[in-house]
Amino acid sequence: MTYLTACWSPCWCYNNVKHGTIAVSIYTIVMSVIGMIYALWIGWGGGDSNDLYTPFFETDVRNSAKGLAVAFIIICIFFLASGLLLWRGTVKNIRGYFLPWIILTSILILYTFVFGDRKSVV
């Protein structure tokens, strides 16, 4: 029995869930690759980490940026693998391949909620 018939998000609108899930998986894959390139640029290329909105805000390029870049690359590799599994599972109709993406995204949302804005958590 089908519970969902459409996929809607603020960026995309698809008439069926399969096409929406494929779009989400492609977005996850692309953002993981961009995140890895960015981490390599900051960690080893000596990129700018002074902007407030960057994930490596005020990291020392000589010491702490490399460790944070390695951690960020590992997270991006996990998201890249989960995005590929999500895409493959959607195309081949294998429901279990959806779980790694759900688990990683849930952990990311929980991490963002707990550590994102320390002033709002009293």
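Tyrosine 27 counts as partly exposed because its relative accessibility is 45%, and partly exposed covers the range between under 20% (buried) and over 50% (exposed). This tyrosine sits in helix α1, and Tyr27 is also one of the residues that make a nonpolar patch on the surface. Please keep in mind as you look around that the model is predicted.

**The nonpolar patch**
- The patch covers about 620 Å² of surface.
- Alongside Tyr27, its members are Ile26, Val30, Met31, Ile34, Trp87 and Val91.
- Two elements, α1 (17-43) and α2 (64-92), each give two or more residues to this patch.
- Helix α1, the home of tyrosine 27, gives the most, with five residues.

**The chain's layout**
- Three helices and two strands make up the elements of the chain.
- If you start at the N terminus and follow the chain, the elements come in the order β-β-α-α-α.

**Inside and outside**
- The chain has 122 residues, and 25% of them are buried.
- About 9,000 Å² of the chain is exposed, with 69% of that area supplied by carbon and sulfur atoms.

**Contacts along the chain**
- Which share of the contacts with a separation of 6 or more comes from residues 24 or more positions apart? Such residues account for 41% of these contacts.

Notes: Residues numbered from 1 in each chain as written. Predicted model: local features only at pLDDT ≥ 70, side-chain atom pairs only at ≥ 80, totals over all residues. Heavy atoms only, no water. Patch = residues over 30% accessible without salt bridge, like charges linked within 9 Å, V, L, I, M, F, W, Y side chains within 5 Å. Areas by Shrake-Rupley, 256 points an atom, 1.4 Å probe, with all protein chains shown as cover. Salt bridge = Lys/Arg side-chain N within 4 Å of Asp/Glu carboxyl O. Helix = DSSP H or I, 4+ residues; strand = E, 2+ residues; numbered from the N terminus. Buried < 20%, exposed > 50% of the residue type's maximum accessible area, 1.4 Å probe, protein only. Contact = heavy atoms within 4.5 Å.
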